[in-house]
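Ready for some practice in reading a protein structure? Work through each exercise on your own before you look at its solution.

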Amino acid sequence: MHDFNSTAFTNPSTFFLMGIPGLEDLHIWISIPFCSMYIVALMGNILILFIIKTETVLHEPMFYFLFMLAITDLILSTSTLPKMLGIFWFSYHEISFHACLTQMFFIHAFSGVESGLLVAMALDRYVAICNPLRHSSILTNSVVAQVGLVALLRGLVLMTPHPFLVRRWPYCQSNVVPHTYCEHMAVVKLACADISINSLYSLAVIILIVGTDVTCIFLSYVQILQTVFNLPSNDARLKTLSTCGSHVCVILTFYIPALFSFLTHRFSKHMPCHTHILLANMYLLVPPMLNPIIYGVRTRQIRECVLQLFMTKIS
């Protein structure tokens, strides 16, 4: 039997993911909503990808960005849920050191990518509402691809130092990670070294990404609201604002769980560990599950295409 708490090592071959400390007896029950959310996320995002790819009426900038968002959500949820369910169902707690670093990189990098895509979608709404006559000439296919590439590269570049910083530290006390996945700070806290550089870099990246993106989104919607309130009728205002409803809902489902997870992790020292971990899981599970539902329900073009697809299959 392995003694995971007292093994002495410098570079561990494996880490031991505990799951949710304090709620081990409830793992099987917790797995039910988690698995359900993952299935909904998979089915919803795959359906969004299929609909946008096959329906030429959806080949517009807004839906191209939604296509990228669906891919990002699939990567985020698939980076964590299969391993998490392995812990809950089969007590498969071990994860290799390099697999842990890979999981860490994908989680943090594509969280940054998703934030960037939300800015891109805000840009699309801004151009569509504030400069509608030039929307197609400004957001051409090549521009959309370049914006998506910038969002991808920014997330990858800013998060690349994380696994390298984690790899350089000696781990001479424990390889037990009190988490359901390889969250950056949960892993580096096991190092028997000064990890202040990790903490500072992580905080700086979060402030840079979230601060920049939230500011850009806020400024976009200030301009949008100014344009909307200058419209002559209430019907025109409501119709224009309704085109932003889906995007606003997606922004809230992404940033609110992330904000709660970050604040409780950094500043709430007396909150139980399992609460931190559950909030961290909600941050990775809720947006991928809700995003396709929000766009499927609130966006007329997608709703009509989905209904047409199912009606064709039935007939």
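**Exercise 1. Where is the kink in α11, and how does the helix span compare with the expected one?**

Solution. Please keep in mind that this is a predicted model.
Step 1: Follow the helix axis and look for a bend. α11 has a kink of about 30 degrees, and methionine 282 is at its centre.
Step 2: Take the length. α11 has 26 residues, and its first and last C-alpha are 37 Å apart.
Step 3: Compare with the expected span. At 1.5 Å a residue, 38 Å is expected, so the 37 Å reached by α11 is close to that value.

**Exercise 2. Proline 292 and leucine 278 are in helix α11. Decide for each one whether it is buried, partly exposed or exposed.**

Solution.
Step 1: Start with proline 292. Its relative accessible area is 8%, and the cut-off for buried is under 20%. Proline 292 is therefore buried.
Step 2: See what proline 292 touches. Leaving out residues up to four places away in sequence, its contacts are Gly44, Asn45, Ile48 and Pro287.
Step 3: Turn to leucine 278. Its relative accessible area is 27%, and values between 20% and 50% count as partly exposed. Leucine 278 is therefore partly exposed.
Step 4: List the contacts of leucine 278. With the same residues left out, they are Ile20, Leu23 and Phe34.
Step 5: Add two distances. The C-alpha atoms of proline 292 and cysteine 244 are 15 Å apart, with their positions 48 residues apart along the chain. For leucine 278 and alanine 236, 42 residues apart along the chain, the C-alpha separation is 42 Å.

**Exercise 3. Which helix gives the most residues to the lining of the largest cavity?**

Solution. Here is the idea behind the search: rolling a probe the size of a water molecule over the atoms shows where empty space is left.
Step 1: Count the cavities. There is one cavity of 30 Å³ or more, and the largest cavity has a volume of about 30 Å³.
Step 2: Look at the lining. Among the lining residues are Asp73, Ser111, Phe254 and Tyr283.
Step 3: Assign elements. α2, α3 and α11 each supply at least two lining residues, and α11 gives the most, with four.
Step 4: Sort by character. The lining of the largest cavity has six nonpolar residues, one polar and two charged.

**Exercise 4. What is the volume of the second largest pocket, and which residues are closest to its centre?**

Solution.
Step 1: The second largest pocket has a volume of about 430 Å³.
Step 2: Its lining consists of 17 residues, and those closest to the centre are Met62, Arg125, Ser242, Thr243 and Gln301.
Step 3: The elements giving two or more residues to this lining are α3, α9, α10, α11 and α12.
Step 4: By character, the lining of the second largest pocket divides into three nonpolar, eight polar and six charged residues.

**Exercise 5. Is α3 largely enclosed or open, and is serine 91 buried or exposed?**

Solution.
Step 1: For α3, count the buried residues. They number 26 of 34, so α3 is largely enclosed by the rest of the structure.
Step 2: Locate serine 91. It lies in the loop between α2 and β2.
Step 3: Apply the cut-off. Serine 91 has a relative accessible area of 53%, and exposed means over 50%. Serine 91 is therefore exposed.
Step 4: Check the backbone. Most residues other than glycine have a negative phi. Serine 91, although not a glycine, has a positive phi of about 55 degrees.

How values were computed: Residues numbered from 1 in each chain as written. Predicted model: local features only at pLDDT ≥ 70, side-chain atom pairs only at ≥ 80, totals over all residues. Heavy atoms only, no water. 1 Å grid on protein atoms, 1.4 Å probe; cavity = no way out; pocket = protein on both sides within 12 Å on 5 of 7 lines; lining within 4 Å. Points joined across faces, edges and corners; volume = space filled by probe spheres on them. Nonpolar A, V, L, I, M, F, W, Y, C, P; charged D, E, K, R; others polar. Bend = angle between axes of the 7 residues up to and from the residue. Buried < 20%, exposed > 50% of the residue type's maximum accessible area, 1.4 Å probe, protein only. Contact = heavy atoms within 4.5 Å.
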